[in-house]
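Subject: Structure for your review

Dear colleague,

Please find the structure below, handed over for your own work. My findings follow directly after it.

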Amino acid sequence: MIRISHTFFATAFALATTVFLPQQPAEAKAFKVIYSFPAATDGAAPHAGLIQDSAGNLYGTTFYGGNTSEGRGVAYKIAPGGAETVLHNFSGGTDGGLPAGLMRDSSGNLYGTTEQGGVDGGCNSQGCGIVYKIDTSGTQTVLYTFSGFNDGAFPQAALIADKKGNLYSTTTGGGTTKNGTVFKLTAKGKEVVLHSFAGGSDGMSPIAGLIADKSGHMFGTTNLGGTGTGCGGFGCGTIYEIDAKGTETVLYSFTGGSDGGKPVGGLLMDKSGNLFGTTEFYGLNSGCGGTGCGTVFKLSSAGALTTLYTFTGGSDGGQPVASLASDSSGNLYGTTLFWGQGYGVIFALAPNGTENVLHSFTNGDDGAYPWGGLLMNKGYFISSGSGGGSRDFGNVFKVRK
């Protein structure tokens, strides 16, 4: 569902609540590789989902690779015929390194964040990350460089935007207590920290980005913190809401029990205001190295959490780290990073809790380790695998609905 464009908060909300996929039948689905990265210089290990323009071009990033000496990732375009164009090679220097997902504005400009790079010498000499723009000619402009102090550090999520062109996302580190932030970057390039996570009951280390409703309230998850004491004593993560003025409300604290723990992916919202997401670990099952294999959950608009599915680490997959998609029949769709045949799965989850595996990755030409969420287009889900492919640099694939 990482199809956030520059039609702003209303679009971000609409995408979060989109319910346009027909119900999945149970039979096996046709799977096709769209592009397999042939060499590290073309990009390697895509970790984010893709976005698409009206002409059918796909846009994404890889976490590593490129033609720079450091190989800190690329931003790329794939034409409908399958030809790849590298739009930018990240060096890990002032232009950033280790890019997250992209958003696109109505003029065709791309915006994103990188986890590292920026000012040399910051954040253990790796840089604390940047916000950038790539225009339609392929020119990259750094819009903001994080210092690693109160302004935040290590953004790992895509951006959303409002009607005025302000950008919003999260950083995993930095802030007043080094536990991460929610930030706003104005159209003039001024950064405003809307919230610094304090740890403890407030949550800490948000890896996921944000979704927004029609009123401009934003919703996200933190990977750690909350009122619980599980997950190594750091807390098992939270679901939170934050308004445009920066007032944060913790909607739920994970316990690391049957509700799961340590969410990595973002949230999906339906028309009734219910939130859906995944946790990477925990749940009732003790598989996946004893930490549990993760869950799919629903948080009602009244604040009640229901575990919709608990992964076992068997053929059903385990450790989901991406956001979910949905259809008008109430089915949910997503990916797991591991398990299945060992390398992750694409799954459908019916309203009655029945899971159907649409594809189980083999680490062959079909790819492996799908980090990104699913994009729907013309009867297919489209995403990327961070491993496997024809040369083991990852791929972009589609699976029939």
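I begin with strand β6, of whose eight residues seven are buried, so the strand is largely enclosed by the rest of the structure. Please bear in mind throughout that this is a predicted model.

Strand β6 (residues 97-104) runs antiparallel to strand β7 (residues 110-116), and five bridges join the two. Within this pairing, R104 stands opposite L110 in β7. The two strands form a hairpin with five residues between them, and G108 in the turn has a positive phi of about 95°.

Pockets

The same question may well occur to you as to me: which strand gives the most to the lining of the largest pocket? It is β6, with four residues. This pocket has a volume of about 640 Å³. Its lining comprises 31 residues, and H47, Q156, A157, A158 and I207 lie nearest the centre. By residue class, the lining of the largest pocket consists of 20 nonpolar residues, ten polar ones and one charged one.

The second largest pocket has a volume of about 370 Å³. It is lined by 20 residues, of which Q52, G56, P80, N377 and K398 are the closest to its centre. At least two lining residues come from each of β1 (31-36) and β27 (380-385), and β1 gives the most, with three residues. The lining of the second largest pocket divides into nine nonpolar, six polar and five charged residues.

Nonpolar cores

In soluble globular proteins, nonpolar side chains tend to be buried together. In this model, the largest nonpolar core has 15 residues, and those with the most contacts inside it are I239, F254, L267, L275 and L305. Leaving aside residues up to four places away in sequence, L305 touches I239, Y252, F254, D259, F297, K298 and L299. Another core lies apart from the largest one; it has 13 residues, including A153, L159, L167 and L185.

Two of the residues just named also belong to a strand pair. Strand β20 (residues 295-299), which contains F297, and strand β21 (residues 305-310), which begins at L305, pair in the antiparallel sense over five bridges. F297 stands opposite T307 in β21. The hairpin of β20 and β21 has five residues between the strands, and G303 takes a positive phi near 95° there.

Open sheets

One open sheet contains four strands in the order β2-β3-β4-β5, with antiparallel pairing. Its edge strands, β2 (51-52) and β5 (84-89), each pair on one side only. Inside the sheet, strand β3 (residues 58-62) is joined to strand β4 (residues 74-78) by five bridges, and the two run antiparallel. There, L58 has I78 in β4 as its bridge partner.

A further open sheet has four strands in the order β22-β23-β24-β25, again with antiparallel pairing. Here the edge strands are β22 (325-326) and β25 (355-360), each of which pairs on one side only. Five bridges connect strand β23 (residues 332-336) with strand β24 (residues 345-349), and these strands run antiparallel. The bridge partner of G334 in β24 is F347.

With kind regards

Technical notes
Residues numbered from 1 in each chain as written. Predicted model: local features only at pLDDT ≥ 70, side-chain atom pairs only at ≥ 80, totals over all residues. Heavy atoms only, no water. 1 Å grid on protein atoms, 1.4 Å probe; cavity = no way out; pocket = protein on both sides within 12 Å on 5 of 7 lines; lining within 4 Å. Points joined across faces, edges and corners; volume = space filled by probe spheres on them. Nonpolar A, V, L, I, M, F, W, Y, C, P; charged D, E, K, R; others polar. Core = buried A, V, L, I, M, F, W, Y, C linked by side-chain atoms within 4.5 Å. Buried < 20%, exposed > 50% of the residue type's maximum accessible area, 1.4 Å probe, protein only. Contact = heavy atoms within 4.5 Å. Pairing = 2+ DSSP bridges.
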